[in-house]
Amino acid sequence: MTSSMEPPVPADRPRADDDPDTLQRIAVEVAREAGRHIARRRPEVFGRGATPAAADAVQSKSTPTDPVTVVDTETEHLVRERLADRRPDDDVLGEEGGGAKQAPSGVRWVVDPIDGTVNFLYGLPAYAVSVAAQVDGRSVAGAVEDVVRRRTYAARLGGGAWVSDDGGDWVRLSVRDVDDVSMALVATGFGYGAARRRRQGEMVSALLPRVRDLRRVGSAALDLCMVAEGQVDAHFEHGLSPWDWAAGALIAAEAGARVRTPSPHSRSSDGEVTVAAAPGVADAFSALLDGLGALAPIPE
């Protein structure tokens, strides 16, 4: 453990502007500030007697069940401002504010201001800020801020994965040591469109008798961090966009998970699958998914 404000790096490693150490530090700082903003704003917007009324603070996106709140949009604005202050020449791709579909050749920040908006809306304590830096479409640094628990997950390419409680010591993460897929606890999530949900439900029904159990937390970023921390053994989900997995998948991989992500140019509508699993069950879990047709995309 270390009492540093950021995950430890080798003392003799020089820090260039674009190296993963610097990018990781920025991701942590920005994600934490965004998390504090969300925690402060929720009771203001959705608490008893809040103004504006909750009905005025929520709109729908892809379907009526896919919400975006005023706090999502203002948090992304905050993150973009902070990144512009520190990295004015970098591109930004955000869930709410958009960005170029094709990954640029330089650094691109990939941002989900609130991953788990439905949980946030209902007051369920599982939503997060995800901030990742990608180079040529590959995540090289990132942070996920668990807003309610005030836990920061962070990783940089080749530097391991770490977690810090409420700004305290950093502890290195490692996936769970499990070698029997029938004893694997699996996290998953569902899309917003009825047709995709129907297919996902069929897959879950077939998978459930062949693993320990399933969990549906409602935030892909947190699911991937749970793989990293050994709180679940695997995660799979169709239809994630880059902002859903860019930070969490790197954190899971740096904790030792075997990870499969969609193309960095993909979007939810493409329906590609994201998979992360502890190495002891990764091959068997992949075979299970393949047998169910779950490695193929489920387009909207």
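Modeller: One definition before we look at this predicted model: Ala, Val, Leu, Ile, Met, Phe, Trp, Tyr, Cys and Pro count as nonpolar, Asp, Glu, Lys and Arg as charged, and the others, Gly among them, as polar.

Colleague: Fine. So what makes up the lining of the second largest pocket, by class?

Modeller: There are nine nonpolar, four polar and three charged residues. Closest to the centre of that pocket are Arg138, Ser139, Ala249, Leu250 and Thr261. Arg138 counts as charged, Ser139 and Thr261 as polar, and Ala249 and Leu250 as nonpolar, because that's how the classes are set. The element that gives the most to this lining is H6, with six residues.

Colleague: And what makes up the lining of the largest pocket, by class?

Modeller: Here the split is nine nonpolar, 15 polar and 13 charged. Asp66, Glu95, Phe190, Tyr192 and Asp244 lie nearest the centre. Asp66, Glu95 and Asp244 are charged by the definition, so Phe190 and Tyr192 are the nonpolar ones of that set. This pocket holds about 670 Å³ of space.

Colleague: Why is the space lined by Thr188, Phe190 and His238, among others, called a cavity?

Modeller: Because a 1.4 Å probe fits there but cannot get out, whereas a pocket is open. The volume of this cavity is about 30 Å³.

Colleague: How do you know which element gives the most to the cavity's lining?

Modeller: H4 does, with three residues. H4 spans 194-207, so Gln200, Met203 and Val204 from the lining fall inside that run. By class, the cavity's lining has four nonpolar, four polar and no charged residues.

Methods
Residues numbered from 1 in each chain as written. Predicted model: local features only at pLDDT ≥ 70, side-chain atom pairs only at ≥ 80, totals over all residues. Heavy atoms only, no water. 1 Å grid on protein atoms, 1.4 Å probe; cavity = no way out; pocket = protein on both sides within 12 Å on 5 of 7 lines; lining within 4 Å. Points joined across faces, edges and corners; volume = space filled by probe spheres on them. Helix = DSSP H or I, 4+ residues; strand = E, 2+ residues; numbered from the N terminus.
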